[in-house]
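The following exchange examines one molecular structure through a series of questions, each with a short reasoned answer.

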Amino acid sequence: MPLFDVYPLYNVTPVSGKGIHVYDDKDTQYLDLYGGHAVMSIGHAHPNYVKAITSQVNALGFYSNAVQNPLQVQLANKLEALSGCKDYELFLCSSGAEANENALKLASFKTNKKRVVAFSNGFHGRTSAAVAATDNKNIIAPINAQQAVTILPLNDVQGVKTELEKGDVCAVIVEFIQGVGGLDQATASFFEQVNVLCKVNNTMFIADEVQSGYGRSGKFFAFQHYNVTPDVISIAKGMGNGFPIGGVLIHPSIESKYGMLGTTFGGNHLACAAGLAVLNTIEEEDLMTNVNNISNYFISVVKTLPQIKQIKGRGLMLGLEFDFEVGDLRKDLIYNHHIFTGGAMNKKVLRILPPLNIEKQHIDQFFEALKIALNK
Ligand SMILES: Cc1ncc(COP(=O)(O)O)c(C=O)c1O
């Protein structure tokens, strides 16, 4: 049976990984500055991770959400401690789109309203409401178009005010650093004013931290760079270091009711073991300090390269903007220098999303290769 052909593929077949590297079927080593799309937080085959998953699958891989699962409670407590999000409650699911879908449903349940405000060039996933809030017409099927969504430009405070004052908006959903779009960020003043506008208009403020969360921005959550209090925070990607797990942190002003949300796989034993191993490793190895140190180093080197027009993003969620489209550069880096990087909707941006335990030597290796590639 042929595979449904939706992904343009690079001709590389990784078969193993260790730390910041993956190895293909010919045992060629690749430096992973893409992190499998911002997923690898603690690196490939981290011993804590391998041990936790192996022992959990030997004990109990899965049971349903109809029974006690102390691992979910441990995960929630550890997440509260590391994120500093003291007042929230946790619902677990299995992907970023599902996290945002649940976030939007919660906002609608809570406010009894149904229109969503989202922003240009944003990406929130491919399920029904999440994809409707995603600013890319090519991925919105007619069945999704029934959702009431208004897309505004980032930084348009007046636009947000006008829409929220109409009284029918259940949620404003935003990425504090746009991932797929190309690392753009709104101003602090915009985020903080939107936060207030949500509070006074009975609209839920949803922080989509699927990509920017879990330390990638240099703080546990990217919204923590600002003075805002989201009502719902959606998480996935780095949460499981490759194991499919997502979740929503929910402010207690949104009351839970039996049956309000649910999923078969969300919060299963194996997913929680993976999630706990990630959080324990972020803490034990002080990875957020590493993110900030390596980010500063990376940015200092970028400043010496005149071909890079702009550096965008924060922490280890960075974008290098050139004055040309980077598709061929990415191919050159993969095939000739064995380095994975990411692309974006903004075709002139090269995305850098490495595991959070990357070291300076890897950054040096990248810039040596980049200089050769740029000076061809
Ligand atoms: C900000 C953001 N939200 C949501 C998603 C969707 O996550 P998933 O692919 O796990 O459904 C992504 C994926 O790239 C993302 O970057």
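Q: What is the handedness of the crossing of H2 and H8?
A: The model is a predicted one. In it, helix H2 (residues 47–59) packs against helix H8 (residues 269–284). The crossing of these two helices is right-handed.

Q: Are H2 and H8 roughly parallel or roughly antiparallel to each other?
A: The axes of H2 and H8 lie 9 Å apart, and the helices pack at an angle of about 155°. Angles over 145 degrees count as roughly antiparallel. H2 and H8 are therefore roughly antiparallel.

Q: By class, how many nonpolar, polar and charged residues has the contact of H2 with H8?
A: From H2, the residues Asn 48, Tyr 49, Ala 52, Ile 53, Gln 56 and Val 57 take part. Their counterparts in H8 are His 269, Leu 270, Ala 273, Ala 274, Leu 276, Ala 277, Asn 280 and Thr 281. By class, the contact has no charged residues, five polar and nine nonpolar.

Q: Are H9 and H11 roughly parallel or roughly antiparallel?
A: Helix H9 (residues 287–302) and helix H11 (residues 360–374) have axes that come within 10 Å and cross at roughly 25°. Because angles under 35 degrees count as roughly parallel, the arrangement of H9 relative to H11 is roughly parallel.

Q: How many charged residues has the contact of H9 with H11?
A: H9 passes H11 in a right-handed crossing. On the H9 side, Ile 294, Tyr 297, Phe 298 and Val 301 meet Lys 360, Ile 363 and Phe 367 of H11. By class, this contact has six nonpolar residues and no polar ones, and its charged residues number one.

Q: Which strands stand at the edges of the sheet E11-E12-E14?
A: Three strands form this open sheet, with antiparallel pairing. Two of them have a single partner strand each, so one side of each is left without a neighbour in the sheet. The edge strands are E11 and strand E14 (349–352).

Q: Which residue takes a positive phi in the hairpin of E11 and E12?
A: Five bridges join strand E11 (residues 310–314) to strand E12 (residues 317–321), and the two run antiparallel. Among the bridge partners are Gln 310 and Glu 321. The hairpin has two residues between the strands, and the positive phi, near 55°, belongs to Gly 315.

Q: Which residue in E14 stands opposite Gly 319?
A: E12 and E14 run antiparallel and are joined by four bridges. Opposite Gly 319, in E14, stands Arg 351.

Q: Which are the edge strands of the sheet E1-E2-E3-E13?
A: This open sheet has four strands and mixed pairing. Inside it, strand E2 (residues 21–24) and strand E3 (residues 29–32) run antiparallel and are joined by three bridges, with Tyr 23 standing opposite Gln 29 in E3. The strands that pair on one side only are E1 (14–18) and E13 (339–340).

Q: Which helix gives the most to the shell around the ligand?
A: The ligand is surrounded by 14 residues, and the closest are Gly 96, Ala 97, Gly 125, Val 210 and Gln 211. By class, the shell has five nonpolar, seven polar and two charged residues. With three residues, spanning none but its own stretch 96–111, the helix that gives the most is H4.

Key: Residues are numbered from 1 along each chain as its sequence is written. This is a predicted model: local features need pLDDT of at least 70, side-chain atom pairs count only at pLDDT 80 or more; totals for chains, interfaces and linings use all residues. Two strands pair if DSSP finds at least two bridges between them. A residue is near a molecule or strand if its C-beta atom, placed from the backbone, lies within 6 Å of it. Ala, Val, Leu, Ile, Met, Phe, Trp, Tyr, Cys and Pro count as nonpolar, Asp, Glu, Lys and Arg as charged, and the others, Gly among them, as polar. Axes are lines fitted to C-alpha atoms, for helices over the stretch in contact, and angles run from 0 to 180 degrees between N-to-C directions. Angles under 35 degrees count as roughly parallel, over 145 as roughly antiparallel, 65 to 115 as roughly perpendicular and the rest as oblique. A crossing is left-handed if the near helix is turned anticlockwise from the far one by less than a right angle, and right-handed if clockwise. Two residues are in contact if their C-beta atoms, placed from the backbone, lie within 7 Å.
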